[in-house]
Amino acid sequence: MENVVLHVLNTSQFSGAENVVCQIIKMYHNDSNYKMVYCSLDGQIRSVLENERIEFAPIKKMNICELKKVINKVKPTIIHAHDMRASFFVAISCGKIPFVCHVHNNGFDSRKINLKVLLFNYATKKARHIFWVSKAAKEGYYFKNRIEEKSSVLYNVVNAEEIYRKASTNICKKYYDAIFLGRLSYEKNPLRLIEIISDIVKTNPTVKVAIVGSGPLEDDVNKKVMELGLSRNVDMLGFQNNPYPFLKKSKLMVMTSLWEGLPMCALEAISLGIPIVSTPTDGLCELIIEGETGFLSNNNEELANRIISICNNENLQRKMSTATLEQAGKILDLKKYKKDLSVYYE
């Protein structure tokens with residue numbers, strides 16, 4: 001019997017959680033036991049799904065009526081709900097269809113009692129299982145003790161071979177000292193990144209940084225770049241369907257997130273041997289080996305100095321790149337990920 005898995009998300013853009021879902025669906029592309037369908041709001045994500053040959057069931061708005069229409073059309077045997085809002089709507093729309101929840105981040109609003117947490121708590125009572133992308137995400141949830149028996153940590157993975165293949169194009173014509181890859185939104189804290197770049201320029205006036213991504217803070221970031229006189233140092237490259245050539249031609253990745261799960265962009269970076277300098281945030285603390293595959297700090301001056309040390313020391317950059325590739329070889333196991341996931345699907 002073919003299992004039809006409906007993945008439900010409450011977004012329209014392409015970012016970390018959406019990337020995870022695309023990775024999962026592609027793992028099952030050649031598996032005759034499974035058919036997978038992506039369901040979310042329509043928008044930027046449509047072009048990504050078309051490029052990846054992923055079936056799309058768009059909804060106009062996340063509500064019971066819209067979701068039931070899709071469920072009746074797709075007739076899933078399993079529903080895989082991603083993050084808390086989608087999980088709640090799946091719980092009240094799925095009828096007797098079994099579903100699993102998948103929590104992709106450790107947002108501040110999941111750590112205290114509020115409406116979002118209460119609604120997700122209702123969803124977890126009906127869910128067969130809850131996946132968390134990091135220990136920090138699971139431990140940060142307010143009602144963690146209530147869902148312990150039906151929870152497990154499922155660390156994200158990426159297809160390193162596919163990323164390397166996509167990175168080996170000629171889209172990117174220049175080399176960068178550092179790259180920021182992610183959505184320009186509050187939780188990613190991109191305005192702090194610009195402050196750090198300003199500190200770096202005081203020592204390295206020719207430093208070049210690529211910012212790849214779009215989002216609600218894009219205009220604010222552009223404005224701050226101009227205000228601090230950094231237009232020669234920062235290339236605002238917007239959303240890229242294939243950001244990997246830019247990543248491959250960078251000495252390091254810098255992240256300034258307020259919270260994370262286990263970010264896909266960080267896994268993509270290590271798959272290409274790119275060390276990471278980041279704020280000490282959730283899943284990144286579990287991923288980055290201090291002084292070997294990257295550096296963690298919550299101090300702007302120290303972050304700037306760590307970036308400078310890697311950019312200016314070719315031997316250090318090469319050593320960290322080698323260690324990062326070794327780490328990627330150990331943790332990016334697609335077969336194990338699929339096996340762990342299939343246990344719960346079956």
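Helix H9, spanning residues 218-227, lies across strands E9 and E10 in this predicted model, and its direction makes an angle of about 165 degrees with that of E10. The two strands beneath this description belong to an open sheet of 6 strands, whose order is E10-E9-E8-E11-E12-E13 and whose pairing is parallel. Strand E10 (234-238) and strand E13 (294-296) each have a single partner strand and stand at the edges, so one side of each is left without a neighbour in the sheet. On average, and with direction ignored, neighbouring strands of this sheet are turned by 20 degrees against each other.

Within this sheet, the pairing of E8 with E9 can be followed residue by residue. Strand E8 covers residues 176-181 and strand E9 covers residues 209-212; the two run parallel and are joined by 4 bridges. Ala178 stands opposite Val209 in E9.

A second open sheet is formed by 7 strands in the order E3-E2-E1-E4-E5-E6-E7, again with parallel pairing. Its edges are occupied by strand E3 (56-59) and strand E7 (151-153), each of which pairs on one side only. Neighbouring strands are turned against each other by 20 degrees on average in this sheet, direction ignored. At the E3 edge, the partner is strand E2 (residues 34-41), which runs parallel to E3 and is joined to it by 4 bridges. Cys39 has Ala57 in E3 as its bridge partner.

Helix H1 offers a view of how a single element is placed in the structure. This helix comprises the 12 residues 16-27 and reaches 17 Å from its first C-alpha to its last, close to the 16 Å expected at 1.5 Å a residue. Of its 12 residues, 11 are buried, so H1 is largely enclosed by the rest of the structure. The buried residues include Val20, Val21, Ile24 and Ile25, and also Glu18 and Lys26.

The chain as a whole may now be considered. Its secondary structure comes to 15 helices and 13 strands. Its radius of gyration is 20 Å, which agrees with the value near 20 Å that a compact globule of 346 residues would have. Along the principal axes, the C-alpha atoms fill a box of roughly 60 × 40 × 35 Å. Buried residues make up 57% of the 346 residues. Among contacts with a separation of 6 or more, 68% are accounted for by residues 24 or more positions apart. The accessible surface comes to about 15,800 Å², and carbon and sulfur atoms contribute 49% of that area.

Definitions and conventions: Residues are numbered from 1 along each chain as its sequence is written. This is a predicted model: local features need pLDDT of at least 70, side-chain atom pairs count only at pLDDT 80 or more; totals for chains, interfaces and linings use all residues. Side-chain values use heavy atoms; hydrogens and water are left out. Two strands pair if DSSP finds at least two bridges between them. Axes are lines fitted to C-alpha atoms, for helices over the stretch in contact, and angles run from 0 to 180 degrees between N-to-C directions. Contact means heavy atoms within 4.5 Å. The expected span of a helix is 1.5 Å times one less than its number of residues. Buried means under 20% relative accessible area, exposed over 50%, partly exposed in between (1.4 Å probe, protein chains only). The radius of gyration is taken over C-alpha atoms; the globule rule is 2.2 Å times the number of residues to the power 0.38. Accessible areas come from the Shrake-Rupley method with a 1.4 Å probe; for residues, only the protein chains shown count as cover.
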